[in-house]
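Dear colleague,

I am passing on the structure we spoke about, and I would be glad if you could look through it alongside the notes below.

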2 protein chains.
Amino acid sequence: MIWQPQPGLTLLTFPGIPRELYLMWSETAIPFLCAQGWGNTRIYSRSMRFWGIPESTLAEKVAPFLHQTSPTVAPYAGGGEARLRLSVKAASETEANEILEPVQQEIQALCGLNYYGLDGDSLASVVGKLLQERSETVSVAESCTGGGLGQKITNISGSSQYFWGGVIAYNNQVKLQLLKVDPEILETQGAVSALVAEQMAVGIKTLLRTDWGLSVTGIAGPGGGTDTKPVGLVYVGIAGPQSLVSHREYRISVSQGRDWIRDVSASNALDLLRRYLLDASA
Amino acid sequence: MIWQPQPGLTLLTFPGIPRELYLMWSETAIPFLCAQGWGNTRIYSRSMRFWGIPESTLAEKVAPFLHQTSPTVAPYAGGGEARLRLSVKAASETEANEILEPVQQEIQALCGLNYYGLDGDSLASVVGKLLQERSETVSVAESCTGGGLGQKITNISGSSQYFWGGVIAYNNQVKLQLLKVDPEILETQGAVSALVAEQMAVGIKTLLRTDWGLSVTGIAGPGGGTDTKPVGLVYVGIAGPQSLVSHREYRISVSQGRDWIRDVSASNALDLLRRYLLDASA
């Protein structure tokens with residue numbers, strides 16, 4: 001509802017349901033405001049998204065940019081990732097892009113592979129695009145994430161083009177039976193170990209005959225941690241073309257709990273694959 | 001911060017981060033308010049949670065309760081489920097429970113299996129408790145949910161006691177290879193069909209040797225729908241003890257998009273298992 005209870009005061013009221021509010025804002029409120037002579041200059045912005053670099057480290061790296069005024073560059077953090085928001089006042093989108101683009105390019109060059117995409121991108125969508133460009137496929141073997149990695153990959157509509165599927169190997173028997181993890185390695189190294197992560201990745205790649213195999217094994221807590229293998233210890237395994245096999249170890253902060261550890265673990269796996277897809281020496 | 005800018009006006013300010021706010025509210029604000037003589041009577045409430053019944057149908061069923069004043073009973077909806085919040089002013093938790101408990105029991109009797117739990121419960125936690133009581137195990141075979149069902153089950157700490165794992169069979173080859181879906185059935189009925197759902201459930205139960213097998217296959221959209229099989233059509237398959245095999249068909253509203261369809265599908269699968277665990281004739 002748009003109403004003017006007294007001269008010089010216009011009120012715009014919206015429903016509380018976000019979906020309805022957004023739609024009414026863009027379809028009704030913006031045209032109304034423009035017709036009133038507002039909005040001749042607007043603020044245009046884009047968010048650069050980073051994974052694998054803490055917000056504070058990112059802010060140090062791009063410190064000179066944080067003081068400039070056109071565009072302004074502001075760091076944010078949330079959901080395990082760091083973001084930089086570039087904003088500029090301009091008369092049109094074209095004018096805005098001319099100012100934003102070179103700054104984005106400079107920051108991107110500074111940050112290398114830690115930068116993964118813009119506003120609407122996600123690690124899963126970026127990995128999906130890279131796999132499609134290369135006509136390659138991926139499968140997953142999940143222990144502590146319990147399906148959350150596959151869930152993230154298949155959030156992307158069209159992921160059936162490059163995602164074959166996977167095995168949720170929550171119980172160790174499943175790791176042995178379907179993923180052909182070596183029982184001796186499982187016994188001596190434990191399920192949460194670099195070698196088991198690698199064997200899970202090789203196992204699923206072989207089983208489903210995909211170009212890449214991606215695995216996650218870790219301790220999501222709150223129980224199950226030990227001195228040598230604390231809650232938050234997670235291994236991601238990766239197997240790829242030309243018999244590439246590798247892993248990465250993560251120690252995820254336990255302060256935000258089990259769901260957080262599982263969610264960040266799935267994102268770490270996607271990020272590791274992204275780095276290998278962009279640079280085989282990642 | 002607690003401050004008194006003028007007599008008769010006390011302000012309590014909190015940080016915006018929800019986690020910090022909740023902690024400060026319970027550890028600092030409540031004791032302060034009680035010390036000021038507030039809080040001699042408090043409002044105690046509990047939320048009853050329902051799955052498989054729309055909020056409007058639930059509200060009709062419990063209509064007489066919605067007009068009473070102690071406790072008050074108010075319907076809510078969100079995340080695909082309906083809830084009833086029972087609230088009462090009382091001097092102590094014991095007094096509150098004496099008023100709340102009989103009303104809850106009456107409503108529960110009215111609503112049968114559509115009621116699944118209270119405040120902190122989730123479909124996954126309720127299913128987990130039932131499986132543990134019966135010392136039974138479950139595995140999953142997921143197509144359109146892509147891991148989301150396993151993810152929900154393993155959200156529950158301790159789920160390794162009853163969840164062995166599963167297969168994400170996103171590609172039809174995986175349905176044939178690992179879940180032993182009949183190629184002729186897959187060809188003639190299509191991947192999104194009652195029979196394929198049942199075969200997937202039997203397939204994963206057999207493969208991982210669990211007491212229960214639970215499957216999901218459906219069209220999450222936005223593409224891939226046809227006239228006879230529209231976006232939102234989802235089959236859940238279930239296989240259990242005593243060669244029980246069954247399925248249920250769901251037609252999920254497409255208005256809230258792909259993520260919603262996938263999320264509701266995983267919850268529907270958990271709910272179907274819950275009903276079978278509570279009543280084999282479900």
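The notes that follow deal with the domains and then with how the two chains meet.

This is a predicted model, in which local features need pLDDT of at least 70 and side-chain atom pairs count only at pLDDT 80 or more, while totals for chains, interfaces and linings use all residues. Residues are numbered from 1 along each chain as its sequence is written, and chains are lettered from A and ligands numbered from 1 in the order in which they are written.

Chain A is divided into domain 1 (41–118) and domain 2 (123–278), with bounds that come from an automatic or database domain assignment. Between these domains of chain A, 6 residues of domain 1 are in contact with 8 residues of domain 2, contact meaning that C-beta atoms, placed from the backbone, lie within 7 Å.

A turn of 180° and a shift of 0.1 Å along the axis lay chain A on chain B with an RMSD of 0.1 Å (superposed by least squares on the C-alpha atoms of residues with pLDDT of at least 70 in both), and the two copies are thus related as by a two-fold rotation axis. Of the residues of chain A, A:Gly147 comes closest to that axis, its C-alpha lying at 1.9 Å.

Where the chains meet, 28 residues of chain A are in contact with 28 residues of chain B. Because 100% of the interface residues of chain A are also interface residues in chain B, the copies meet through the same surface.

Best regards

Note on methods
Contact = placed C-beta atoms within 7 Å.
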